[in-house]
Amino acid sequence: MRAGAFLYPWDVDGDPDAPARLAGLGLDQVTLASAYHSTRALTPRHPRRRIVTAAHAAVLYPPDPARWAGRALAPYPSGDWAPGDAYGRAADALADTGLAVHSWVILAHNSRLGAEHPETSVVNAYGDRYPWAPCIGQDAVRELLVELAAEAAVRQGAAGTELESCGWYGLAHLHAHDKTAGVPLDDTAQYLMSLCFCPACREGYGRHGADPDELAAAVRAALAPVWRGGPAVWEGGLADAALAWRLTAARGLQEAAVAAVRAAAPPGFRVLLHADPVPYRCGANAGTDPAHILSVADGVVTPAPTVAAFVAHARERTVLAANLPVVTGMGGSPHTLAEDAARAADAGATELRLYHAGLASDADLEAVRKTLTAR
């Protein structure tokens, strides 16, 4: 089974040993970040550093001034953590390894955008803004993300792209020193805390038959038992109307982003989405309807346990890539990779994605190498 691993440009750029080390793992491709959110990342083998602090969401290449001229919303260039065309330098360094390079594009996850343009952020039923979560129901936000998808995906040397957070983002995000776990939130509560009530979403709910003030009050009422330690109960006509608007907005973004990438890309360029098969889910793996998303994109990257939900809707050459964590310190299990990969294949996976070749220890990478080279 074809195997790829995620990678940051700074894991390769400036490290002359990185290309050969990656090629020796037995990988078929790397998924190289070209647009990424803020992070603090370990880079354990780089000859000049160990910690990279990306202060804000940024593109890791020089954005095209002509594309963004006159726009109120535009991507942010990176700082000294990935100066200039860090993506291009890393892709060039990998060009002679035999590894295919796909771009890795983060879309609806941008804290700096929310800080500088607070009106673009998701607003919950209590009136709290989530600056890390751009509201994809807003025309201006959607236009930004679609243009970003096209530019960040089609970089030099890329044979395809993987679009992450191409859908709704919400509460569930480790933001700064996170202190939100005091009251456990199940799936329903997470969803209710992620419903947006910005002006665009209020209008959207109205178009689907829900009065937005009544809906916000119903959300708060459904959440009231949660703060006392009980479960949220969410069902009925208002719930249906809210989900209908959310699905409409998410599908619109996903269709537009994939179309924009394909219009900019050469023939044969693969477009995959990081996806969750439960439509109301928020986050890096955007909630999708499996039948719909596989009619739009060339495939999905999804956590290994959710692969089976997409199988019935796959067509010939559809990619179902099972995402397997292989960083022990982050909860991954590189030493059971062979067994985990076999289970994913039995569930219908056609490819593997390993998270994350740059963050893993030498011992983790050696376990990956032993598994992949034994195929």
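How many residues does helix α8 have, and how far does it reach from its first C-alpha to its last? Select residues 212-227 to find out. Helix α8 has 16 residues and spans 23 Å between those two atoms, close to the 22 Å expected at 1.5 Å a residue. Bear in mind during the tour that this is a predicted model.

**Stop 1: helix α8**

Keep α8 selected and show the side chains of Pro-212, Leu-215, Ala-216, Val-219, Ala-222, Leu-223 and Val-226, which are its buried residues. Now turn the view to look down the helix axis. The buried residues fall within an arc of 130°, so they line one face of α8. To see what these buried residues pack against, add α6 (187-194), α7 (199-207) and α9 (237-264).

Next, go to the two ends. Asp-211 caps the N-terminal end of α8, with a side-chain oxygen 3.0 Å from the backbone nitrogen of Asp-213. After the helix, select Gly-229, which follows α8 and has a positive phi, near 100°.

**Stop 2: helix α5**

Select residues 139-153. Helix α5 has 15 residues and reaches 21 Å from its first C-alpha to its last, close to the expected 21 Å. Its buried residues include Val-141, Leu-144, Leu-145 and Leu-148, and Glu-151 is also one of them.

**Stop 3: strands β3 and β4**

Select residues 39-42, which form strand β3. Which side chains of β3 are buried, and which are not? Thr-39 and Ala-41 point to one face and are buried, whereas Arg-40 and Leu-42 point to the other face and are not. Add residues 51-54 to bring in strand β4, which runs antiparallel to β3 and is joined to it by four bridges. From Arg-40, look across to Thr-53, its bridge partner in β4.

**Stop 4: salt bridges**

Side chains of opposite charge can pair when their charged atoms come close. A search of the whole structure finds 21 salt bridges. Some of them are visited below.

Begin with Asp-13 and Arg-89, whose side chains meet in a salt bridge at 2.8 Å, N to O. This pair links distant parts of the chain, 76 residues apart: Asp-13 is in the loop between β1 (2-7) and α1 (18-23), while Arg-89 is in helix α3 (residues 86-94). Arg-89 is partly exposed, with a relative accessible area of 36%.

Move to helix α4 (residues 111-116), where Arg-112 and Glu-116 lie four residues apart, about one turn of the helix. Their side chains form a salt bridge of 2.8 Å, N to O. Arg-112 is partly exposed at 29% relative accessible area, and Glu-116 is partly exposed at 43%.

Now select Glu-162 and Arg-353, a salt bridge whose closest N and O atoms are 2.7 Å apart. The two residues come from distant parts of the chain, 191 residues apart, with Glu-162 in strand β9 (residues 158-164) and Arg-353 in strand β14 (residues 351-355). Are these partners buried or exposed? Glu-162 is buried, with a relative accessible area of 0%, and Arg-353 is buried, with a value of 0%.

Finish by selecting Arg-67, Arg-71, Glu-147 and Glu-151, which are joined into one network by salt bridges that share partners. Glu-151 was met at Stop 2, among the buried residues of α5.

How values were computed
Residues numbered from 1 in each chain as written. Predicted model: local features only at pLDDT ≥ 70, side-chain atom pairs only at ≥ 80, totals over all residues. Heavy atoms only, no water. Salt bridge = Lys/Arg side-chain N within 4 Å of Asp/Glu carboxyl O. Buried < 20%, exposed > 50% of the residue type's maximum accessible area, 1.4 Å probe, protein only. Expected span 1.5 Å × (residues − 1). Arc of directions from axis to C-beta. Contact = heavy atoms within 4.5 Å. Polar contact = N/O pair within 3.5 Å; in protein donor to acceptor, adjacent residues only side chain to side chain. Pairing = 2+ DSSP bridges.
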